[in-house]
Amino acid sequence: MLQGRTSECHGLDQLLERARDGESSALVIRGEVGIGKTALLDYVAGKASGCQLLRVRGVEAEMDFAYAALFQLMAGLVITHAELLAVPQHNALRRAFGQMDGPAPEAFLVSLAALSLLSQAAEERPVVCLVDDAQWLDRESLLALAFVARRLKAERIMMVFAVREPESERKLDGLTELRLEGLEAPDARLLLDAGVPGGLDEQVRERIIAETRGNPLALLELPRGLTPAELAGGFGLLDVGGLTNRIEESLARRVKALPPETQDLLLIAAAESVGDPRVIAEAAEQLGANIADLLPAQDAGLVERGLRIRFRHPLARSAAYFSATANRRRQVHAALASVTDPQLDFDRCAWHRSFAVAGLDEEVAAELERSASRARARGGVAAAAAFLERAAEMSPDPVRFGHRALAAAGLKFGAGDLEQAENLLAGAAAAPLEEIDQARIDLLRAQIAFTRTRGSDTPSLLSAAARRLEPLDPDLARETHLEALWAAVRSGRFAKAEAVVEAAEAVALGLGAPTRAVDLLLVSVVARLTRGYEPALPMVAQALTAFRGEEFSRENLAWCWLACQLAMDLWDDGACDAIASELGRVARASSNLAILPLALNYSAAHQLFLGEINVAEQLVQEAEAISATTRNIPLADFSVLLAAWRGDRVLTEKLRAAAIEAGTAHGEGFAVEVAEWAAAVLHNGLGEYAAGAAAAERAYDPDGLGFSVWVLPELIEAAVRSGDREAAETAFSRLTERSRTSTTEWARGVEAAAHAMLSDDAVAETFHREAVDQLGRSRVVVLHARAQLNYGEWLRRANRNADASVQLKAAHSAFVAMGARGFAERARNGLLATGGTMEKRMMGSVPELTAREAQIARLASERFTNPEIAAQLYLSPRTVEYHLSKVFTKLGISSRKEIADALAVTRSPNVWRGSGPLRDVR
């Protein structure tokens, strides 16, 4: 056991044994520099006898090479198991690793290939996967490994990530965490005494323990290099900076104490981030050294030599590199470039060459630009941005500098690095670029501003960029006008959008007969905002048809959420289904962190329509994690709405207040509308109708796109139940202006439900029955259950208790399955008031399926095999088998043939109305 880490070691032993027994685990160890993260990984490696050990360490210099860490970790598995992969996965992995030409691989396919490789290897013997310094892994590898870690369940796999704090990596949020603190004083004393022969003065010892806060590396390193006299009085412990700096200084002293030739070998090993002994030996030979000169550094405990040359700690690598002069570092990079085969590893060769040159060099800059293109083709957005940024720095020609800086800024924006994108734009703006490039700079600045604030000033910034682009790039100008209109819609009540709409209208009027889907969207949105709802409907329908007819791609991804809201305006739940599903898929494939949170939120909204609140919640949480990772302004997301549907008063009110405060501060009216809409849902679910009516009134925006179809039914129900008939009739008039032009089941059902509430008893039942029938044939599951609830409550008031019981039981079953506890309780109270009894299954004696179990159960009921389900849900077949065993136990069945009947009992058969089996859009 490690000194002072007995409980941590026991916990890791247990995880390892569970992996041997077939239960997967993923653990994130977090802590400051030197706290012992690597020591715990070494401990696991030492105990992993009989297991296949995979290990990789993040290196800061490698962060810009897409999938570099994943390749290092899985190179052996690729050789032994890749041929067993499905062809799409195999090809995606080969493109990611630069072994095959073709379009950029979908990030999900690469991640699924990694999961499949690990699962196949674990069939032979348990796999232990150790990832050190995860904060320095390239972005693509870390996303893939995080994807794998979240989907492990029943494989013989143990994954452990070590992450430095406070440089915390948020892409691993949600996994089990172990936070390491400093050693307790007794353990710290033992460790310190072991490293200082002859002992220490008691007061000096206590000072060191206090200053290091029990940090093991600091306890071992700080006394090194100090004379007995300096230690005796504590005079060598003067604070010259933070703890990390002091540790690095101690390591630097140890490096400088080594022979010059050993320092050179350490410098080469530090610059060659992969740790390839062959490359290091050849570079050493170029500089007149020999790899055997590394032995003193090994004896000093600074490096380890095996299949790879590995530094004991990243700070030792840093000390070895920065202890050398700048000129010597350039010589080392030149030697490494000369021994790196450009045919096999063009990118690293170009990278080393760029650091071997003292000044500017166009030839090297051009090589880096080609590397950027290669990285982009492998799906490495962040890597491509880094190569282009370095190419810009190496460019002697100011025009080429500007072009490269602008291109790098665009990629940095896509990778979610807004601060660095702005820095690059500042450099590009100072270059002597043509007007078209200056206009593109304005556009990117406006897009960054929208991502940062989502506020009321961004529509005018986008509109100004669009006007500047009009004579230079008409297609891009129209797209930017549409983007400005979308920003104005998001800003809502806070936007001063008159000039924005007028500028877009002028362009739309001059289009003639547009054919591009994006141009049709522009014309339809302008008509919707200037002419009103009904006159614009033909153009909106035409635009939506054209948009859905185009193949979804990264280029039209930006308009998916606008198309979603236009589809809601048309009451077209089929279009909502198709667009939201494709939106999530393409956004993930693009790995664009600037827009992925928006895509995840709209996908979540669609899952909410389907009654899949658990799935929607997972998507919203992921969007929030991405926003936190990229340090962007959080979205006006749907977490508040999910809390409202769950009937969670405390959480809804907390999230509502926060959303309204943030939305007001950032000028995002959409945030305020969603928050108030959620409040209306909460109050209606709890039977607090006066409060529900007030919230719905605050949420309603007569000029808003899409969400009126949700807000107005809440307002009508709340106003009728609270006795405000005038408000209800006004809202019904607004609703029918929109619903009467549609023939969809959604529109007809919502209008019938509202009409029933406002009708006398002689005709009300006709409308109630129509609402239940129409919504039961739509995809909007949540409103179908609401229609059943309202019909059942009406029947109860008419003293038709037997008929009321049927509707209320169906509504209760649907709400319980969704997790809509407020409405479920309303239905339960209504049912008990009829004198009816609750079935045991409805009262919760049968365990509720989790979101994942429910998805797998539905797909199994559709006769999909385990491998087919695994491919659709991005799981391994073994994990699917594990979840199915849980489903069988919970539903009390023994075969797949019984699943459909069991689901029909636990959930209303009218609930699932999707266009096919529910797929996990994650």
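**Figure 1. W571, a buried residue with a positive phi.** A residue counts as buried when its relative accessible area is under 20%. In this predicted model, W571 has a relative accessibility of 0%, so W571 is buried. You will find W571 in the loop between helix 28 (560-569) and helix 29 (573-590). Take a look at the backbone too: phi of W571 is near 60 degrees, a positive value in a residue other than glycine. The side chain has company as well, since ring pairs link W571, F609, W677, W710 and W746 into a cluster.

**Figure 2. The whole protein, for orientation.** Before zooming in further, here is the overall picture. The protein has 46 helices and 7 strands. Of its 922 residues, 58% count as buried. Among contacts with a separation of 6 or more, 70% are between residues 24 or more positions apart. The accessible surface comes to about 35700 Å², and carbon and sulfur atoms hold 51% of that area.

**Figure 3. R30 and E165, a salt bridge between a strand and a loop.** Side chains of opposite charge can pair when their charged atoms come close. R30 does this with E165, and the closest N and O atoms of this salt bridge are 3.8 Å apart. R30 sits in strand 1 (residues 25-31), while E165 belongs to the loop between strand 4 (157-164) and strand 5 (176-179), so the pair ties together parts that are 135 residues apart in sequence. Are the two partners buried or exposed? R30 is buried, at 0% relative accessibility, and E165 is buried too, with a relative accessible area of 16%.

**Figure 4. R5 and E8, a salt bridge between two buried residues.** This view shows R5 joined to E8 by a salt bridge, with 3.8 Å between the closest N and O atoms. R5 and E8 are both buried. For context, a search of the whole structure finds 57 salt bridges.

**Figure 5. R490 and E668, with a salt-bridge network alongside as a second panel.** The side chains of R490 and E668 form a salt bridge with an N to O distance of 2.7 Å. R490 is part of helix 24 (residues 474-491) and E668 of the loop between helix 33 (649-666) and helix 34 (669-686), so this salt bridge ties together parts that are 178 residues apart in sequence. Both R490 and E668 are buried. In the second panel, salt bridges that share partners join E714, E717, R721, R786, E793 and R826 into one network.

**Figure 6. F65 and F387, an edge-to-face ring pair.** The structure holds 13 aromatic pairs, and this is one of them. The ring centres of F65 and F387 are 5.5 Å apart and the ring planes meet at 90 degrees, so the pair is edge-to-face. F65 lies in the loop between strand 2 (52-57) and helix 3 (68-81), and F387 lies in helix 19 (residues 381-393), so the pair ties together parts that are 322 residues apart in sequence. Both of these phenylalanines are buried.

**Figure 7. Helix 41 and the stacked pair F815 and F823.** Helix 41 (residues 801-818) has 18 residues and reaches 25 Å from its first C-alpha to its last, close to the expected 26 Å. Its buried residues include A804, L808, A811, F815 and M818. An α-helix has 3.6 residues a turn, so residues three or four places apart point the same way. F815 pairs with F823: their ring centres are 5.4 Å apart and their planes lie at 25 degrees, so the pair is stacked. Both F815 and F823 are buried. Helix 41 is followed by G819, whose phi is positive, near 90 degrees.

**Figure 8. H333 and its contacts.** H333 belongs to helix 16 (residues 326-339) and is buried, with a relative accessible area of 5%. Which residues does H333 touch, not counting those up to four places away in sequence? They are A271, Y321, H352, F355 and A356.

**Figure 9. C576, a cysteine in no disulfide.** The count of disulfides comes to 0. C576 is in no disulfide, and the nearest cysteine sulfur, that of C564, is 6.0 Å away. C576 is buried, at 5% relative accessibility.

**Figure 10. R213, a partly exposed loop residue.** R213 is in the loop between helix 8 (202-212) and helix 9 (216-221). R213 is not a glycine, yet its phi is positive, about 55 degrees. Its relative accessible area is 49%, so R213 is partly exposed.

Methods:
Residues are numbered from 1 along each chain as its sequence is written. This is a predicted model: local features need pLDDT of at least 70, side-chain atom pairs count only at pLDDT 80 or more; totals for chains, interfaces and linings use all residues. Side-chain values use heavy atoms; hydrogens and water are left out. A salt bridge is a side-chain nitrogen of Lys or Arg within 4 Å of a carboxyl oxygen of Asp or Glu. Buried means under 20% relative accessible area, exposed over 50%, partly exposed in between (1.4 Å probe, protein chains only). Helices (H or I, at least four residues) and strands (E, at least two) are DSSP runs, numbered from the N terminus. Contact means heavy atoms within 4.5 Å. Accessible areas come from the Shrake-Rupley method with a 1.4 Å probe; for residues, only the protein chains shown count as cover. The expected span of a helix is 1.5 Å times one less than its number of residues. A disulfide is a pair of cysteine sulfur atoms within 2.5 Å. Rings of Phe, Tyr and Trp (its six-membered ring) pair if their centres lie within 6.5 Å; planes under 30 degrees apart count as stacked, over 60 as edge-to-face and the rest as tilted.
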